[in-house]
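Student: Could we go through the spaces in this protein together, one step at a time? I would like to see how each answer is reached.

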Amino acid sequence: MQHVVVLGGSIAGMAAARALRSLGKRVTVVEPDGLAATAARDGVPQSGQLHALLDMGRTQAERWFPGLSKDLVAEGAVLGSGSEIQLFSRGRRKVSVPGNELIGVSRGLLEEHIRRRTLLDDGVSVRAGKACGLVVRDMRVAAVRVRAADSDEVHLVPADAVVDATGRSSRLASWLREEGWPQPPVDRMRIDLGYATARFRRGHELPDVRVAHQLPAAASGTGAQPDTGAMAAVEGDQWMAVIAAYAGMRPTRDPADFRRRMKEMDAGPFGVVADRCELIGEVETYGMAHSLRRRWWEVERLPGGLFVVGDAVASFNPVYGQGMTSALLHASCLAAYLRRGADLRAPAHAYFHHVRVVVNAAWELSTLSDLAQPHVTGPYPRGYPLARKMAEWMEEASTTDAWVNERFLDVVNMRRRPADLQTPRFWWRVAMARARR
Ligand SMILES: Cc1cc2nc3c(=O)[nH]c(=O)nc-3n(C[C@H](O)[C@H](O)[C@H](O)COP(=O)(O)OP(=O)(O)OC[C@H]3O[C@@H](n4cnc5c(N)ncnc54)[C@H](O)[C@@H]3O)c2cc1C
């Protein structure tokens, strides 16, 4: 059996391990935390923040972990659909899309299930330690250097292939440079984002709501930036609510400030929870300076047997909730690539070309919205002014026209690519909705 070493045991690493097992590979997951079964791990500092699993993410999660949604619901996660999912844009509630579903679950519980299911498999083992370099021999990855969790000793773990799933702070590019290999070009878009999540006790205050989302909006004429927010009913009879804002407007850990900002949102459910529900624990904050994309598909000379998945390839502004879904899709790209008979130990250019499609669709959507913020200063893609205008028209039309909103949500949920909206029928409906207004 070929042996693959997966670096990092979070969502991307576990999904990749599962995909590799479906192809009969033996997998070792290297993880500094050693994957003790606690929900919050040091290696995933964002795990206390509300995480939305987009619809495509749930489809992919079900593919790799069949029955996952049912198991999560049995543990208290909450599946919302249709009008129970309330989206607000520029002060108005958007028309609901029947059949649209979203699962409310904490990141900790979701990850715990994914990890437990992956590690039940005898073909997957865990090595507690931190990857700190690669050994490349005969143009192929041959081993990983791993620093032991409990000492400074570095051991070599032999591998037929290596999957980097170490997240956004991946050091893979510098390890390759040390071995004389080229690095991928990197795009960084400064977003200066502040995030804060709080949990509230959930009673019967909002019987018809499972998820509410105040969508990102451009700054007003005075330059004031409205908060973006999301809240979801999750396990433990709780609401998890997140507030996101940029630059000088970042939310703080002060509970009174958090409640005040919830009440100021146009989306009514936030005010109801802020007024009526007891806050549990502390407000957790998180800062993200920039979105990041590493264009591995442009590297012409790659060692054989090297793959990258999840945030290690690209990590976006989290307000669009694309990270876990992208990670799960990358695992599917890996399986598709190997299932077509590719040699595991060859340079994986075709794999990175699959991944490019997923990464670029998510990047296009999130950066187009971020560029509307006054403090985000580029880089602007070609044709940006027109693309921005069209995005505004589409956003407006999707507030009132269910057909347009359904297609728009397909893209937001990563079921389709942004390019799929470029049809005459779609833009005709957008124009009609504008004319009616
Ligand atoms: C504030 C915030 C909110 C978010 N909200 C959402 C959301 O609503 N929806 C969504 O889909 N996504 C969201 N995301 C993104 C999501 O958290 C990630 O996309 C997701 O966790 C997949 O990442 P990953 O597995 O690639 O990396 P991570 O989850 O970051 O995990 C990296 C893993 O690698 C391990 N590791 C690191 N270095 C090494 C090393 N040298 N050797 C071995 N192991 C190593 C770490 O311990 C960790 O386990 C959010 C992110 C942030 C920051």
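Tutor: Happily! Let's begin with a term we will need: helices here are DSSP runs of at least four residues, numbered from the N terminus. Keep in mind, too, that this is a predicted model.

Student: Which helix gives the most residues to the lining of the second largest pocket?

Tutor: Start with the elements that each supply at least two lining residues: helix H2 (55-64), H8 and helix H9 (349-370). The lining has 18 residues in total, and among the closest to the pocket centre are Val357 and Val358. The top contribution is six residues, and it comes from H9.

Student: How many nonpolar residues are in the lining of that second largest pocket?

Tutor: The pocket has a volume of about 240 Å³, and its lining draws at least three residues from each of domain 1 and domain 3. Sorted by class, there are three charged residues and four polar ones, and the nonpolar residues number 11.

Student: Now for the ligand. Which residue has a side-chain N or O atom 2.5 Å from an oxygen atom of the ligand?

Tutor: A pair of N or O atoms counts as a polar contact within 3.5 Å. Two contacts use the backbone: a ligand nitrogen is 3.0 Å from a polar atom of Ala131, and a ligand oxygen is 3.3 Å from one of Gly323. The side-chain contact at 2.5 Å belongs to Arg107.

Student: How much of the ligand's accessible area does the protein cover?

Tutor: On its own, the ligand has 1000 Å² of accessible area. In the model, 33 residues surround the ligand, with Ser10, Glu31, Ala52, Arg107 and Asp311 the closest. The share covered by the protein is 93%.

Student: Which element gives the largest share of the shell around the ligand?

Tutor: Several elements give two or more residues, including helix H1 (11-21), strand E7 (124-137) and helix H8 (323-339). The shell also draws at least three residues from each of domain 1 and domain 2. The largest share is three residues, and it comes from H8.

Student: Last one: which strand gives the largest share of the lining of the largest cavity?

Tutor: A search of the whole structure finds one cavity of 30 Å³ or more, and the largest cavity holds about 60 Å³ of space. Its lining includes Ile85, Gln86, Leu87, Asn405 and Leu409. Two elements give two or more residues to this lining, strand E4 (85-89) and helix H11 (402-412). With three residues, the largest share comes from E4.

Note on methods. Residues are numbered from 1 along each chain as its sequence is written. This is a predicted model: local features need pLDDT of at least 70, side-chain atom pairs count only at pLDDT 80 or more; totals for chains, interfaces and linings use all residues. Side-chain values use heavy atoms; hydrogens and water are left out. A residue is near a molecule or strand if one of its heavy atoms lies within 4 Å of it. A polar contact is a pair of N or O atoms within 3.5 Å; within protein, one must be able to donate a hydrogen and the other to accept it, and residues adjacent in sequence count only if both atoms are side-chain atoms. Accessible areas come from the Shrake-Rupley method with a 1.4 Å probe; for residues, only the protein chains shown count as cover. Domain bounds come from an automatic or database domain assignment. On a 1 Å grid over the protein atoms alone, a cavity is a set of points where a 1.4 Å probe fits but cannot get out, and a pocket is an open set with protein on both sides within 12 Å along at least five of seven lines; lining residues have an atom within 4 Å of a point. Grid points are joined across faces, edges and corners, and a volume is the space filled by probe spheres set on the points. Ala, Val, Leu, Ile, Met, Phe, Trp, Tyr, Cys and Pro count as nonpolar, Asp, Glu, Lys and Arg as charged, and the others, Gly among them, as polar.
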